[in-house]
Each structure stands twice: as C-alpha cells, then as structure tokens.
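This briefing is meant to be read alongside the sequence and the 3D view. Please keep both open while working through the topics below.

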Amino acid sequence: MELGFFFSFAVLKEEEIWTARNEVIFSNKHPDVAEVVDLIKTRVAFWIKAKFNVMEYSVEDFKRGIEVIRRKRI
C-alpha cells in the first residue's frame, strides 16, 4: 500500500501543480500554496481508499501522513 501511496502522490502532485500553473497563466489567479497541498493530500487519500479498498482509515488519516497509518496498523 505504501508504494501505491507514494506513486499516487507523485502523479496527483504533478496534476495539481499543473492546474495551479494554468490558473496563474490563463486566469491571472494566484492559488494559495496551502490549499493546493491540501487538495493534493485529499485526492491522494480518496485515490488510495478506492484503489486498495482501504476503508479502515479515514481521509484525514491519509492527509496526516503515512506515519499515522503505520501506527494504526500496529
């Protein structure tokens, strides 16, 4: 599952950064970095939950980090 977490994070991170870049260039918007990071974490959490059918962890668990998941597994 951890490999899937990191792969998903890498893919979705690039997508969100590209979207934020496009907002700056084409819409003259300046997205908040914290909002972009939170959106990446949220999308990764939903992706992992769906891909690996991991229902025992919440989206907030994933957003807090893989260490939270490791501690809950013990």
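The structure, which is a predicted model, holds six salt bridges. One of them pairs E15 with R43, with the closest N and O atoms 3.4 Å apart, and this pair links distant parts of the chain, since E15 belongs to helix 1 and R43 to helix 2 (residues 33-52), 28 residues apart. The points below begin with the chain as a whole and then return to the charged residues and to the surface.

**The chain as a whole**

- The secondary structure of the protein chain comes to four helices and zero strands, and the order of the elements, read from the N terminus, is α-α-α-α.
- The protein chain has 74 residues, of which 31% count as buried.
- When contacts between residues at least 6 apart in sequence are considered, 50% of them join residues at least 24 apart.
- The protein chain exposes about 5,300 Å², and carbon and sulfur atoms supply 61% of that area.

**Charged residues joining helix 1 and helix 2**

- In the pair of E15 and R43, E15 counts as partly exposed, at 40% relative accessibility, and R43 is also partly exposed, with a relative accessible area of 35%.
- E16, which is found in helix 1, has a relative accessible area of 5% and is therefore buried, because a residue under 20% counts as buried.
- Leaving aside residues up to four places away in sequence, E16 touches V36, L39, I40 and R43.

**Charged residues around K63**

- K63 forms a salt bridge with D38, in which the closest N and O atoms are 2.9 Å apart; because K63 lies in helix 3 (residues 59-64) and D38 in helix 2, the pair ties together parts that are 25 residues apart in sequence.
- The two partners differ in how they are covered, since K63 is buried, with a relative accessible area of 15%, whereas D38 counts as partly exposed, at 36% relative accessibility.
- K63 also meets the side chain of E60 in a salt bridge, at 3.7 Å from N to O, and here both residues lie in helix 3, three residues apart, which is about one turn of the helix.
- E60 is partly exposed, with a relative accessible area of 41%.
- Turning back to the other group of charged residues, salt bridges that share partners join E15, E16 and R43 into one network.

**Aromatic rings and the nonpolar surface**

- How many aromatic pairs does a search of the whole structure find? The search finds zero aromatic pairs.
- The ring of W18 nevertheless has a charged group over it, as the charged end of R21 sits there, 4.3 Å from the centre of the ring.
- V24, I25 and F26 make a nonpolar surface patch of about 310 Å².
- One of these patch residues, V24, is found in helix 1 (residues 2-27), and V24 is partly exposed, with a relative accessible area of 33%.
- Residues need over 30% relative accessible area to be part of a patch, so the 33% of V24 meets that cut-off.

Notes:
Residues are numbered from 1 along each chain as its sequence is written. This is a predicted model: local features need pLDDT of at least 70, side-chain atom pairs count only at pLDDT 80 or more; totals for chains, interfaces and linings use all residues. Side-chain values use heavy atoms; hydrogens and water are left out. Rings of Phe, Tyr and Trp (its six-membered ring) pair if their centres lie within 6.5 Å; planes under 30 degrees apart count as stacked, over 60 as edge-to-face and the rest as tilted. A charge sits over a ring if NZ of Lys or CZ of Arg is within 6 Å of the ring centre and within 35 degrees of the ring normal. Patches are made of residues with over 30% relative accessible area and no salt bridge: like charges are joined within 9 Å, nonpolar side chains (Val, Leu, Ile, Met, Phe, Trp, Tyr) within 5 Å. Accessible areas come from the Shrake-Rupley method with a 1.4 Å probe; for residues, only the protein chains shown count as cover. A salt bridge is a side-chain nitrogen of Lys or Arg within 4 Å of a carboxyl oxygen of Asp or Glu. Helices (H or I, at least four residues) and strands (E, at least two) are DSSP runs, numbered from the N terminus. Buried means under 20% relative accessible area, exposed over 50%, partly exposed in between (1.4 Å probe, protein chains only). Contact means heavy atoms within 4.5 Å.
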